[in-house]
Amino acid sequence: TSGRIEVFGLDPRRSSREIRRRVGYLPGDLRLYEHLTAGEHLRYVSGLRALPGLGDGGAIARRLDLELDRPVRSLSKGNRQKVGVLLALFPRPELVVLDEPTSGLDPFVQQVVYALLRERVADGGTVFFSSHELGEVETVCDRVAIIHRGELKVEGRVSDLVKKYQTNLEKLFMTVVGDH
């Protein structure tokens with residue numbers, strides 16, 4: 001009900017264009033243009049961001065085993081998700097916000113996504129990763145925050161939380177969610 005927010009030290013109301021240029025985003029309910037191919041989406045987003053080219057787009061698509069020349073309407077859920085991952089990561093944003101990024105992906109491709117995220121962090125980026133798969137959170141994240149009914153319940157390094165609760169995060173999560 002009160003307060004303020006800054007992203008990169010900027011006010012989102014005054015500097016939304018600058019912030020969006022520096023953020024990659026994958027929503028939980030990805031919507032794509034059905035008539036465009038993955039490659040056309042890639043070129044479209046590159047143009048919107050005024051990028052000089054496709055950057056890492058081709059390399060990421062190859063790693064995800066994503067065909068760039070098929071219309072989105074002909075892609076499976078998993079391949080649509082690959083398009084979303086590609087669009088979020090190819091511009092090498094400073095901040096990547098992903099909601100359930102591995103939903104619909106086979107285990108091999110999930111591992112590729114995890115590797116891509118680790119590489120983004122190693123290159124100086126920050127990744128916000130939302131998942132209901134707590135085993136995945138333990139695998140991917142250095143720090144975790146559990147929010148229940150809009151309230152921050154637990155936050156800290158994954159290893160510290162596991163030590164503190166002497167359990168895995170899934171049991172911790174179940175305790176927090178069950179706590180009314």
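**Close-up views of the predicted model**

**View 1. Salt bridges around Asp11 and Glu18.** Asp11 is buried, with a relative accessible area of 16%, where buried means under 20% relative accessible area, exposed over 50% and partly exposed in between, computed with a 1.4 Å probe on protein chains only. The model is predicted, so local features need pLDDT of at least 70 and side-chain atom pairs count only at pLDDT 80 or more, whereas totals for chains, interfaces and linings use all residues. Residues are numbered from 1 along each chain as its sequence is written, and side-chain values use heavy atoms, with hydrogens and water left out. Asp11 forms a salt bridge with Arg14, the closest N and O atoms being 3.3 Å apart; a salt bridge is a side-chain nitrogen of Lys or Arg within 4 Å of a carboxyl oxygen of Asp or Glu. Arg14 counts as exposed, at 72% relative accessibility. In another pair, the side chains of Glu18 and Arg22 meet at 3.5 Å, N to O; Glu18 is partly exposed, with a relative accessible area of 30%, and Arg22 is buried, with 16%. Salt bridges that share partners join Glu18, Arg21, Arg22 and Glu94 into one network. The structure holds 13 salt bridges.

**View 2. Leu42 and the buried face of helix H2.** Leu42 lies in helix H2, residues 38-48; helices (H or I, at least four residues) and strands (E, at least two) are DSSP runs, numbered from the N terminus. At 1% relative accessibility Leu42 counts as buried, and, leaving aside neighbours within four places in sequence, Leu42 is in contact with Leu54, Gly57, Leu86, Leu87 and Phe90, contact meaning heavy atoms within 4.5 Å. The buried residues of H2 are Ala38, Gly39, His41, Leu42, Val45 and Ser46. Seen down the axis of H2, these buried residues fall within an arc of 160°, so they line one face of the helix, the arc being that of the directions from the helix axis to the C-beta atoms. The buried residues of H2 pack against helix H3 (57-63) and helix H4 (77-89), whereas the face turned away from the buried side carries the exposed residues Gly47 and Leu48.

**View 3. The surroundings of Lys82 in helix H4.** Lys82 is buried yet has no salt bridge, and the nearest side chain of opposite charge, Asp65, is 4.9 Å away; Lys and Arg count as positive and Asp and Glu as negative, while His and the chain ends are not counted. A polar atom of the Lys82 side chain lies 3.0 Å from the backbone oxygen of Leu64. Not counting residues up to four places away in sequence, Lys82 touches Leu64, Asp65, Leu66, Leu105 and Val109.

**View 4. The hairpin of strands S4 and S5.** Strand S4 (residues 143-148) and strand S5 (residues 151-157) pair in the antiparallel sense over six bridges, two strands being paired if DSSP finds at least two bridges between them. Within this pairing, Val154 in S5 is the bridge partner of Ile146. Two residues lie between the strands, and Arg149 in the turn has a positive phi of about 55°. In a regular strand the side chains alternate between the two faces of the sheet. The covered face of S4 has Val144, Ile146 and His148, and the uncovered one has Arg143, Ala145 and Ile147.

Technical notes. A polar contact is a pair of N or O atoms within 3.5 Å; within protein, one must be able to donate a hydrogen and the other to accept it, and residues adjacent in sequence count only if both atoms are side-chain atoms.
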